Amino acid sequence: LRKTATVNDSFVAAPSGVGYNYLEMMPPAARRAHAAATRKLWGPHRVVNVIGLPGLQEPELDVLQDYAKESMCSGFVWYTFGEGYAGWVGPTWLEDGTPVVGAKVSLWGNGSKPPMVGVDGLVHYFVNDTHLPVDPEDPRSYSVVPVGVWSNTVADIVRATKRLEESGKVRVVHVSEILERLRELGRTRQARRMPKSN
């Protein structure tokens with residue numbers, strides 16, 4: 001796949017994948033070894049998906065920092081277990097500036113109330129709900145949208161994307177672009193906190 005990839009293609013690693021290897025349950029040495037082995041097998045990851053332990057409502061940043069050092073990733077998408085993977089909103093940053101983003105809502109089924117909504121519910125949530133920030137300089141304006149592959153199709157994704165884009169209020173981008181924007185916002189926020197030298 002990497003040999004035929006275009007600039008529009010991106011690869012996402014999932015350490016929670018096979019057998020649900022929960023990073024939070026791994027001892028630090030095993031976690032670093034897992035990240036190093038994955039990097040050796042697949043190369044440096046741009047994006048790493050992590051599903052948190054059942055009941056965990058926010059990422060354990062020290063666990064992700066450990067993994068980031070070895071995997072050389074550019075960012076994490078952190079999902080809660082359950083709730084259509086949309087229980088933690090984020091974003092936040094690790095000590096080294098690596099961004100971590102979550103999902104406000106998921107395209108999962110055909111419901112109208114978050115966190116698991118259909119196409120109409122998704123569009124309503126992002127376009128009509130006035131509580132959501134829309135300033136590109138505000139990190140809270142960014143979200144990923146998990147899709148339930150058992151209940152929704154590519155046609156649903158295309159339909160939702162088209163309606164969101166047509167609204168003029170939402171721009172749909174790949175997760176790697178979200179993480180790059182968040183990385184830059186993190187640098188800007190850090191620079192604003194740094195004391196000015198005389």
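The legends below describe an overview and several close-up views of a predicted model.

**Figure 1. Overview of the protein chain in the predicted model.** The protein chain contains five helices and seven strands. Followed along the sequence, these elements take the order β-α-β-α-β-β-β-β-β-α-α-α. Of the 198 residues in the protein chain, 42% are buried. Where contacts link residues at least 6 apart in sequence, 67% of these contacts join residues at least 24 apart.

**Figure 2. Close-up of the largest nonpolar core.** This core has 18 residues, and those touching the most other members are Val 77, Tyr 79, Val 101, Val 144, Val 175, Ile 178 and Leu 182. Two or more residues each are supplied by strand E2 (47-51), strand E3 (76-79) and helix H5 (175-193). Helix H5 gives the largest share, five residues. Val 144 is in contact with Val 77, Tyr 79, Val 101, Gly 102, Ala 103, Lys 104, Val 105, Val 175 and Ile 178, when its neighbours within four places in sequence are left aside. Another core, of 16 residues, lies apart from this one and includes Leu 23, Val 48, Phe 76 and Trp 78. In soluble globular proteins, nonpolar side chains tend to be buried together.

**Figure 3. Close-up of the crossing between helices H3 and H4.** Helix H3 spans residues 119-128 and helix H4 spans residues 154-167; their axes come within 10 Å and cross at roughly 25°. Because angles under 35 degrees count as roughly parallel, H3 is described as roughly parallel to H4. The crossing of H3 past H4 is right-handed. On the H3 side, the residues that take part are Val 119, Asp 120, Leu 122, Val 123, Phe 126 and Val 127. They meet Asp 156, Arg 159, Ala 160, Arg 163, Leu 164 and Ser 167 of H4. Sorted by class, the contact between H3 and H4 comprises seven nonpolar, one polar and four charged residues.

**Figure 4. Close-up of Arg 31 in helix H1.** Helix H1 covers residues 28-42, and Arg 31 is one of them. Arg 31 has a relative accessible area of 5% and is therefore buried, since the cut-off for a buried residue is under 20%. Not counting residues up to four places away in sequence, Arg 31 touches Leu 23, Met 26, Val 63, Asp 66 and Tyr 67. Among these partners, Val 63, Asp 66 and Tyr 67 are buried residues of helix H2.

**Figure 5. Close-up of Gln 65 and helix H2.** Gln 65 lies in helix H2, which covers residues 61-71. With a relative accessibility of 8%, Gln 65 counts as buried. Leaving aside its neighbours within four places in sequence, Gln 65 is in contact with Leu 94, Glu 95 and Asp 96. The buried residues of H2 are Val 63, Leu 64, Gln 65, Asp 66, Tyr 67, Ala 68 and Ser 71. After H2 comes Met 72, which has a positive phi, near 60°.

**Figure 6. Close-up of Asp 138 in the loop between H3 and H4.** Asp 138 counts as buried, at 14% relative accessibility. The C-alpha atoms of Asp 138 and Leu 185 are 8.1 Å apart in space, while the two residues are 47 residues apart in sequence. When neighbours within four places in sequence are left aside, Asp 138 is in contact with Pro 133 and Leu 185.

Technical notes: Residues are numbered from 1 along each chain as its sequence is written. This is a predicted model: local features need pLDDT of at least 70, side-chain atom pairs count only at pLDDT 80 or more; totals for chains, interfaces and linings use all residues. Side-chain values use heavy atoms; hydrogens and water are left out. Axes are lines fitted to C-alpha atoms, for helices over the stretch in contact, and angles run from 0 to 180 degrees between N-to-C directions. Helices (H or I, at least four residues) and strands (E, at least two) are DSSP runs, numbered from the N terminus. Angles under 35 degrees count as roughly parallel, over 145 as roughly antiparallel, 65 to 115 as roughly perpendicular and the rest as oblique. A crossing is left-handed if the near helix is turned anticlockwise from the far one by less than a right angle, and right-handed if clockwise. Contact means heavy atoms within 4.5 Å. Ala, Val, Leu, Ile, Met, Phe, Trp, Tyr, Cys and Pro count as nonpolar, Asp, Glu, Lys and Arg as charged, and the others, Gly among them, as polar. A nonpolar core is a set of buried Ala, Val, Leu, Ile, Met, Phe, Trp, Tyr and Cys residues joined through side-chain atoms within 4.5 Å. Buried means under 20% relative accessible area, exposed over 50%, partly exposed in between (1.4 Å probe, protein chains only).
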